[in-house]
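Colleague: I have the model open and would like to learn how to read it feature by feature. Could you take me through it?

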Amino acid sequence: MTVTSVMEPKMPKCWRQETKPHKFCPGCGHGDVLKALGTAIDELGIQDRVVFGCDIGCSLLSWDFFNFDSIQTHHGRTTPVITGVKRARPELICIAYMGDGGGYAIGSQHLVNAASRNERIFVLLANNAQYGMTGGQMAPTTLPGMKTETSPYGRDVEWTGNPTLGPEMVAAITPDSAYVARGTMSNLRQLTQMMKKALQNQIDGNGFSFVEALASCPTNWRTNAAKTWEFVEKEMPQYFKVGELKVPAKKEG
Amino acid sequence: MGNLVKIALAGEGGQGVQSVAEILVEAANEEGKEALYIPNFGVEQRGGVSIAFCQVSDDKKIGSPKFEKGDIVIALSDRAIRRCAQYVDENTVFIYDTSIEGAEGDLPKNAKKVFGIPAIEVAKNELHPRVFNIIIMGATIRATQVVTPEQAKQALEDKLGYKFEQNPKLRELNYRALERGMQLVEGQM
Amino acid sequence: MADKPIQGEKRMFVTGNEAVAYAALAANVDIMYGYPITPQNEIMHYFTRLAPKFDKPFLQTEDEISAGFTTVGGVMSGKRSFTATAGPGNTLMQESMSMAEMMRIPTVVVIMQRGGPSTATVIYSQQEVTMTCYGANGEGIRVVYSTCNHQELYDYTIKSFNTAWKYRIPTFVLGDGYQAKMRESLTMYDPEARGIKMVDTYPLVGLPGSPGVDRDPAHLRNTYNTEEELYEVVSNLVKDYEAVAPEIVESESFDCDDAEVVVLAHGVVSRAAVEAVRELRKAGIKAGHFRPITLRPFPDKELKAVANQAKKLLVVESAQGQFAKLVHHSLYGDSTPMEYIFKPGLGITSDEIINKVKAML
């Protein structure tokens, strides 16, 4: 066992201490989302069986985040890589972690088809309403009127369409055995429970699991702490409703 | 290249040239010869002329899968006749079906020999339209002698044996078609 | 459950696609991922018919991007995995193959070249040479076997798994639409019965033990922060590749020793070259043929030796000089005159080669 110091902030057991503090910007939502994920994995006691995949975009910074085997892939391609692992080694618990760009734009065909095939994987998607790593461009999830580097006058939905409602889409195309939810970093307890259910659904071999987590990006939003929190907690959920969209029926016995 | 025989079989989709080719080369392979068969396929074939390129050699491995000029070219439709002109030179025996209307003008002028056989008519009037391609197979093996009639029958048995079991008359029909096809070419080479 | 797909040895008369499916199973492949594209479809067709008898799964993906990346995932999980594609599918698969190059993931991909560019034909070409050897944003850290007949399709499909896993280099079997669709004879065999041992596979992720407790986690990445960091990584890739290249490289030559004209060709075109050289020799013309079997790594040393002896070289390919570029690169500094037959997307016969060689004398 590793020796933990007294001063250390409480972090999930499966976090890799050697790589902390992590690489995300101050105030970034990824750390909170990954805390919820770490807690869920700790509580389920599945750390030894997890294979974690991360995308391009800020999610790639999680490549050495945990004490489990991890693959950093290409933009949008985490879903197929993790699908490939799971199909070849069904005993592993396979998690694909990505942002809204990776999941809803460049990798949307993979998300849609993995969901349609009811792949026994867990896709966790952090939605911070823009492309973080590349410097704050408009994403499929950018809110109407929201200013980004590629929508400097605010997102014009006539020209660019409306924000993608990912969990709603996934819920529509998955069978009853899928788990689909949208949580938020502003309610970590709920988000952790959602992830636990998502992982349990895979452990049970039921079907596809998908959780979108509303997450902050103060760097590109150019918001102070109060404004950041207000955007995540108040503004985003007006468009992106938080809650469970699909919960598989409990197995008997 | 004395013992290498190059055969192009061409017809409309549904005339069964590819299955004839397949049975033919399998028979040759069973006889211990080297054989190679390649169809034209995909977009090229959809709605176009179906061509089977076959090569049979007594011993040596065969070179490129398609060839410029065939030793025997068999064309079973007007479009096939026109399409196959490119595979004909002064060493080619060109065989076509006599029931193709207006074929005369399109027949190759540079072939070693050109003759027609009434395969479609024989199939329709004497046997059964479904064994048209077996008549063609008979004509092909008589024209090329790449396999013996016995081996051809064995190849038919291998391919269609399960159908023959259910309906022995079918076996008889196929054998007759094979023999009739051979007769059509008899004396013409 | 059936025992083995091929017991001992067996002469077969099949299409190239069928030969590949059998070879993969004979090599004890664990899983195939794939997406339909002509002319490789029948590899999947035969695989899906045969594989369940040996408890081997197949996953049909949403596109070739996914087929490539699921193959990457399967390999990383420690399973002998492969996919097959052609043309525009090969284009899409380059993305995953660049990841395989960077992370040294022993993927196996069978390519059945079709006409290009774009959709072009579903029939045949040798126009995927540059892409298969050097595709994507990389340095071509790959092994590419260019086969010329069904026996080789079978042999090199088996071998590609061993090359990939022994050296941890993504490996390609480069066939073409002719080889895919034609029927000819070959001898299939159980590799073990011929003393060919399949190189053991092993997981890169999903390793035994408790990460962070009794072992370090496998943290595998392809992204780097600094120029210097990347330079070191790529330099090591290149260094390792060059170190094993002499072991991997394969070529064949035929009647080259006293040849006035040596015909350079690869893949299926090599068949026409061999036939042409035979005929030319019969006619008293001193012709020879040299053929790289591995296009990556390229048999530089072997080709140079041939070029040094030959009076003239003739490069023949069903592409507009993609193979010739490899030859030029290999023979840089050599002054042997070189002529060409370039037929992009079109088959080449021995007669064309014979006529050209005669014209060169």
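Modeller: Gladly, and let us begin inside chain C. The C-alpha centres of its domain 1 and domain 2 lie 26 Å apart. The domain assignment, automatic or from a database, gives domain 1 as 9-194 and domain 2 as 252-360. Before we go on, a word on ground rules: this is a predicted model, where local features need pLDDT of at least 70 and side-chain atom pairs count only at pLDDT 80 or more, while totals for chains, interfaces and linings use all residues. Residues are numbered from 1 along each chain as its sequence is written, with chains lettered from A and ligands numbered from 1 in the order in which they are written.

Colleague: How many residues of domain 1 of chain C are in contact with domain 2 of chain C?

Modeller: A contact means that two C-beta atoms, placed from the backbone, lie within 7 Å. By that rule, 23 residues of domain 1 of chain C meet 19 residues of domain 2 of chain C. On the domain 1 side, helix H5 (129-134), strand S6 (143-146), strand S7 (171-176) and H7 of chain C each supply at least two residues. S6(C) gives the most, with four residues. Helices (H or I, at least four residues) and strands (E, at least two) are DSSP runs, numbered from the N terminus.

Colleague: How does that domain 1 side divide by residue class?

Modeller: Ala, Val, Leu, Ile, Met, Phe, Trp, Tyr, Cys and Pro count as nonpolar, Asp, Glu, Lys and Arg as charged, and the others, Gly among them, as polar. The side of domain 1 of chain C that touches domain 2 of chain C has 10 nonpolar, 11 polar and two charged residues.

Colleague: Now the chains. Which pair has the most contacts?

Modeller: The size of an interface is often given as the accessible area lost when the parts come together. Here we use contacts, and of the two pairs of chains that touch, A and C have the most. In that pair, 35 residues of chain C are in contact with 29 residues of chain A. On the chain C side, the largest share, nine residues, comes from H3(C). By class, that side has 15 nonpolar, 14 polar and six charged residues.

Colleague: And how many residues of chain C are in contact with chain B?

Modeller: There, 22 residues of chain C are in contact with 20 residues of chain B. H9(C) provides the largest share of the chain C side, four residues. Strand S2 (residues 34-39) of chain B is joined to S8(C) by two bridges, running antiparallel, and B:Tyr37 stands opposite C:Arg183. Chains A and B do not touch, and their nearest C-alpha atoms are 27 Å apart.

Colleague: Which strands form the open sheet, and in what order?

Modeller: Strands of a sheet pair through backbone hydrogen bonds, either parallel or antiparallel. Two strands count as paired if DSSP finds at least two bridges between them. Eight strands form this open sheet, in the order S9(A)-S7(A)-S8(A)-S4(A)-S3(A)-S1(A)-S2(A)-S9(C), with mixed pairing. Its edge strands, each pairing on one side only, are strand S9 (243-246) of chain A and S9 of chain C. Where the sheet passes between chains, two bridges join strand S2 (residues 69-72) of chain A to S9(C) in parallel, and A:Ser70 stands opposite C:His219.

Colleague: Is strand S4 of chain A mostly covered or uncovered?

Modeller: A residue is buried if 20 or more other C-beta atoms lie within 10 Å of its own, exposed if 12 or fewer, and partly exposed in between, with C-beta atoms placed from the backbone. S4(A) (residues 122-127) is mostly covered, with six of its six residues buried. A:Phe122, A:Leu124 and A:Ala126 point one way, while A:Val123, A:Leu125 and A:Asn127 point the other way. S4(A) runs parallel to strand S3 (residues 93-99) of chain A, joined by five bridges, with A:Leu124 as the bridge partner of A:Tyr97. S4(A) also pairs in the parallel sense with strand S8 (residues 209-214) of chain A, over six bridges; there A:Ala126 is partnered by A:Ala213.

Colleague: Why does the radius of gyration of chain A agree with a compact globule?

Modeller: The radius is taken over C-alpha atoms, and the globule rule is 2.2 Å times the number of residues to the power 0.38. For 253 residues a compact globule would be near 18 Å, and chain A has 17 Å, so the two agree. Buried residues make up 56% of chain A.
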